[in-house]
Amino acid sequence: MAPEPDYGDFVDSEEEFEFDETAEVVDGYRDGSYYPICIGELLNQRYRIEHKLGHGSYSTVWMAYDTQIKRDVALKIISPGTPGDYELSMQNEIIQAVPDISNIVTYLEHFLLVRDDLNTVYRVLVFPVRGPSLGSIHVRELPGATRMCAAKQFLTALQSLHSGGIVHRDINSGSLLFGVAPLDKSSTSAKYQCLGRPMKRPLPTNLWKSGEWVKPLEVPHNMLKGQAYLCDFGLSIKAGTEVEDKIQGPPWFCAPERYHNIGPSFASDMWSYTCLFAELYFGWNPFSSFFGGTAPDIPHMVYVLGPLPENWEGYYYDIGRSDKSWYGSKGGPVFTEELQGMIERARPETGITERMHVLSIMSKGFCYQPEHRITAAQLLEDASFQALMQIYQV
Ligand SMILES: Nc1ncnc2c1ncn2[C@@H]1O[C@H](COP(=O)(O)OP(=O)(O)OP(=O)(O)O)[C@@H](O)[C@H]1O
């Protein structure tokens, strides 16, 4: 007799607080943004839903088994009428224009789910399954070599994206996915043993379709492989495209020129990459504000890196007002004592040579003037970057 199918466990309301922190808001199902799903459901007569991988502003992402090709996949179900819908066209652009997509998360297939009563469709992109994002793990718990390997692989992917003429425009700790050991050959129950069983609650019964509110899985660190992938192209553009919205969230990843009326570019991606590199190296972002918020902490940036270029004065636009004291430099590479001190405090166990290499990398990535900032191709060839990778045997 075939074993009973395993669809995870319903949990009681006391465990619900764990969902509140990690799962999507249930209102998204009420207003039609999210498509209700049940574990065990078969989509497009082919993909059997096995677990929840995560969610974003415009999507829920599920782990499913492709019963035709017999492999695990990630299904990103995109909310109708959102910028997420644009992602497919940008993905097609990437597949055509980018020379090497081996560390870029591109789709395998796509299909539509129809909601008849509202005449609405949800686009579903099918991806290979990757691991958690940098933003969802405690990165300091990973070995230094894994972190530096991720820094290098992500930079390689970014260099490839740029060489295809595409600006990512939204690099943050959610755009780096780690690699994970494959489980395609395992049964559903064996997968649950490795990844944890789905914990779920029924969605409200008055929705147009039955569904479950599922806590996203947490991949154990011992399943993470030393690989990193660049993902999430919902805001990407062809280089040179004029955009109205110049700034990027969260603000601690946004290049400062974007707050001064200069549009996103390869260089602004490199600023965001340097923030991501710092997050991998330190375990935290040097410009994140303790209190969160949506405005950049420019005074803190000026304290760490010195004054902003003088020719930016008068162009600041965002919440709050600019201050004359923020400006006054020519905007070249930044070798400040504060940045040096920050590296020392964050990684006191490292040697002076290693710290000087890190200072050299950050000073070129955090160079204020975008036209003088190091490019992805230059950083891959940079002597300090290569020496740092060698220290970690990457
Ligand atoms: N291929 C994948 N493999 C494993 N997990 C994935 C995959 N793609 C996405 N995820 C998970 O789903 C989450 C949401 O995905 P993604 O960031 O692409 O959604 P989004 O709606 O575009 O989000 P946002 O625009 O808010 O960043 C990710 O943070 C990640 O945890």
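Which residue in S10 does Asp9 stand opposite? In this predicted model, the residue that faces Asp9 is Met199 of S10, and the pair offers a convenient way into one of the sheets. S1 and strand S10, the latter made of residues 199-202, run in the parallel sense and are joined over 2 bridges. The sheet to which they belong is an open one of 3 strands, arranged in the order S1-S10-S11, and its pairing is mixed. Its edges are formed by strand S1 (9-10) and strand S11 (212-214), each of which pairs on one side only.

From this sheet the reader may turn to the ligand, which is surrounded by 16 residues, the closest being Ser57, Ser59, Lys76, Arg130 and Asp232. Three of these closest residues can be followed through individual atom pairs. The side chain of Ser59 places an N or O atom 2.7 Å from an oxygen atom of the ligand, and the side chain of Lys76 likewise has an N or O atom 2.6 Å from a ligand oxygen. With Arg130 the partner is instead a polar backbone atom, which lies 2.9 Å from a nitrogen atom of the ligand. Of the 620 Å² of accessible area that the ligand has on its own, the protein covers 84%.

Which strands supply at least two residues each of the shell around the ligand? They are strand S3 (47-56), strand S4 (59-66), strand S5 (71-78) and strand S7 (120-128), and among the contributions to the shell the largest share, 4 residues, comes from S3. Sorted by class, the residues of this shell comprise 8 that are nonpolar, 5 that are polar and 3 that are charged, so that the polar contacts described for Ser59 and Lys76 are set in a shell that also has 8 nonpolar residues.

S3 also leads the reader to another part of the model, since this strand and helix H5 (188-195) each supply at least two residues of the lining of the second largest pocket. About 220 Å³ of space lies in that pocket, and 13 residues line it, with Glu4, Pro5, Asp6, Arg48 and Thr188 lying nearest its centre. The lining of the second largest pocket divides by class into 5 nonpolar, 4 polar and 4 charged residues. S3 is thus a useful thread for inspection, as it supplies residues both to the shell around the ligand and to the lining of the second largest pocket.

Key:
Residues numbered from 1 in each chain as written. Predicted model: local features only at pLDDT ≥ 70, side-chain atom pairs only at ≥ 80, totals over all residues. Heavy atoms only, no water. Near = heavy atom within 4 Å. Polar contact = N/O pair within 3.5 Å; in protein donor to acceptor, adjacent residues only side chain to side chain. Areas by Shrake-Rupley, 256 points an atom, 1.4 Å probe, with all protein chains shown as cover. Pairing = 2+ DSSP bridges. 1 Å grid on protein atoms, 1.4 Å probe; cavity = no way out; pocket = protein on both sides within 12 Å on 5 of 7 lines; lining within 4 Å. Points joined across faces, edges and corners; volume = space filled by probe spheres on them.
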